[in-house]
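The following report goes through the fold, the packing and the backbone of one protein chain, and it is meant to be read with the model in view.

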Amino acid sequence: MTAAPQERPQIAQCGAIALGTPKLETSLHFFRDILGMEEVERVGDTVYLRGYQEMKHHSLVLFASDTAIVDSHSFRVRRPQDVELFYEEFSAQGVEVAELPAGHQAGRGTALRFVVPYSGHAFELYYDIDAPAAPPEISSRLLSNSSRRRGLGVRRLDHFNIQASPEYVGDAERWLRDALGFKRREYVYVPDNDMLIASWTSVTSQVHDLAIAMSLTGQNSQMHHVAFNLENHSDLIVAADTLRDLDVKFHCGPGKHGIGQAMYLYVEEPGSGHRIELYSGNYHIFDPDWEALGWTPMNPDGMTWFGQELDVTQDGSMASATDAVSSVTSLIGQQAVAGQA
């Protein structure tokens with residue numbers, strides 16, 4: 001038998017998102033007091049939070065900013081050596097990568113920061129991270145909980161959904177699969193030319209840990225939303241009822257996706273305007289031979305199986321499935337004209 005080749009570095013899971021907010025205390029109240037996340041640590045004008053079933057130091061970083069920004073999407077790698085191996089691979093590809101010292105984010109070890117080719121999103125990769133116990137006043141008797149369930153009961157960070165401009169989304173999605181090992185699970189495409197509109201990818205059994213979609217505004221490097229997981233569908237309905245009574249702005253939902261088959265509610269975080277999805281359920285993929293499922297823009301069931309139609313724009317305005325098809329058709333036409341120029 002020949003020796004097995006060295007295993008390539010791998011992403012293990014979504015780690016954290018760092019969000020800048022012009023109203024830090026308003027944003028903190030939303031995530032900590034309403035959604036029920038635990039405030040783990042505060043360093044100056046930066047606050048670290050986690051859900052009640054997250055053992056590691058944090059999955060959400062809030063920091064004061066003049067404008068609402070997304071600083072980074074972070075992922076944890078599977079092994080300590082994978083940080084260095086990814087550094088070597090990116091350097092060989094010509095991808096500019098920076099090493100962040102331990103403590104760049106509180107509780108976290110050395111990390112890599114780079115910009116995703118084509119899409120322009122800032123990603124960070126790390127392995128080492130602290131796992132502090134919750135203070136006694138919120139600790140849980142359930143050993144699988146990091147703290148007691150509070151507020152609307154956010155369990156954990158679930159997934160990221162990012163957007164790229166029409167001319168780059170296909171190349172960016174391909175790079176995420178080839179370089180980082182994300183597997184395409186479901187996708188939306190234009191049958192006539194196989195143009196990619198959106199892709200749901202994962203490194204876990206979930207349908208998606210990371211989704212990337214075409215920006216219908218034509219902008220690159222956008223975040224559509226970040227999703228946090230609730231335990232069940234009833235929790236999501238209670239969340240909708242509670243948040244409506246608190247006058248939190250709804251972008252879409254509650255409803256059920258066809259792609260992934262999860263219940264959703266999209267709201268606007270009141271301190272920053274960032275779009276937050278509360279997400280419950282979805283099927284899991286254990287088949288190693290899974291073949292990605294393709295949808296077309298003419299089939300609205302993928303985005304919305306039932307409930308209010310999904311908002312597919314970046315600016316918070318509502319867009320129906322018909323509007324989305326029209327926008328995609330227009331963008332395809334623009335690309336064709338550009339290609340002939």
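## A buried position in strand 9

A164 has a relative accessibility of 0% and therefore counts as buried, since the limit for that class is under 20%. This residue belongs to strand 9, and, apart from neighbours within four places in sequence, A164 is in contact with S119, V169, I212, A213, M214, S215, Q219, N220 and S221. The C-alpha atom of A164 is 7.9 Å from that of Y118, although 46 residues separate the two along the chain.

## The model as a whole

The model is a predicted one, with an average pLDDT of 91 over the protein chain and with 89% of the residues at a score of at least 70. Over residues 336–341 the pLDDT falls below 50, and this stretch makes zero contacts in the model beyond near neighbours in sequence. Residues 314–322 likewise stay under 50 in pLDDT, but for these residues the model has 20 contacts beyond four places in sequence.

The secondary structure of the chain consists of five helices and 18 strands. Of its 341 residues, 52% count as buried. Among the contacts with a separation of 6 or more, 67% are between residues that lie 24 or more positions apart.

## Nonpolar cores and helix 1

In soluble globular proteins, nonpolar side chains tend to be buried together. In this model the largest nonpolar core has 71 residues, and those with the most contacts inside it are F31, F114, L180, F228 and L243. The element that gives the most to this core is helix 3, residues 169–180, which supplies six residues. A second core, separate from the largest, has five residues, including A18, Y48, V61 and A106.

F31 is also one of the buried residues of helix 1 (residues 24–34), together with L24, S27, L28, F30 and I34. If residues up to four places away in sequence are not counted, F31 touches G36, M37, L49, L60, L62, F228, E269 and I276. Among these partners is F228, itself listed with F31 among the residues that have the most contacts inside the largest core. Another partner, G36, follows helix 1 and has a positive phi, near 90 degrees.

## The largest pocket

The largest pocket holds about 380 Å³ of space. Its lining is made up of 20 residues, of which Q13, C14, E54, R156 and L157 lie nearest the centre of the pocket. Two elements give two or more residues to this lining, namely strand 1 (11–21) and strand 9 (156–164). By character, the lining residues divide into five nonpolar, nine polar and six charged.

## Backbone geometry

Most residues other than glycine have a negative phi, and most peptide bonds are trans. Which positions depart from a negative phi although they are not glycine? Y118 is one of them, and D247 is another; the table sets out their values.

| Residue | Phi | Loop | Relative accessibility |
|---|---|---|---|
| Y118 | about 75 degrees | between strand 7 (111–115) and strand 8 (122–126) | 42%, partly exposed |
| D247 | about 65 degrees | between helix 4 (233–245) and strand 14 | 69%, exposed |

D247 counts as exposed because its relative accessibility of 69% is over the 50% limit, whereas Y118, at 42%, is partly exposed.

A further feature of the backbone is the cis peptide bond that joins G253 and P254, with an omega of about 5 degrees. P254 is found in strand 14, which runs over residues 250–256.

## A loop position before strand 9

Where does S140 lie, and with what is this residue in contact? S140 is placed in the loop between strand 8 and strand 9, and, leaving aside neighbours within four places in sequence, its contacts are with N145, S147 and R148. Its relative accessibility is 22%, so S140 counts as partly exposed. The C-alpha atoms of S140 and Y52 are separated by 9.0 Å, while the two residues are 88 residues apart along the chain.

Definitions and conventions. Residues are numbered from 1 along each chain as its sequence is written. This is a predicted model: local features need pLDDT of at least 70, side-chain atom pairs count only at pLDDT 80 or more; totals for chains, interfaces and linings use all residues. Side-chain values use heavy atoms; hydrogens and water are left out. pLDDT is the predictor's confidence in each residue, from 0 to 100. Contact means heavy atoms within 4.5 Å. A nonpolar core is a set of buried Ala, Val, Leu, Ile, Met, Phe, Trp, Tyr and Cys residues joined through side-chain atoms within 4.5 Å. Buried means under 20% relative accessible area, exposed over 50%, partly exposed in between (1.4 Å probe, protein chains only). Helices (H or I, at least four residues) and strands (E, at least two) are DSSP runs, numbered from the N terminus. On a 1 Å grid over the protein atoms alone, a cavity is a set of points where a 1.4 Å probe fits but cannot get out, and a pocket is an open set with protein on both sides within 12 Å along at least five of seven lines; lining residues have an atom within 4 Å of a point. Grid points are joined across faces, edges and corners, and a volume is the space filled by probe spheres set on the points. Ala, Val, Leu, Ile, Met, Phe, Trp, Tyr, Cys and Pro count as nonpolar, Asp, Glu, Lys and Arg as charged, and the others, Gly among them, as polar.
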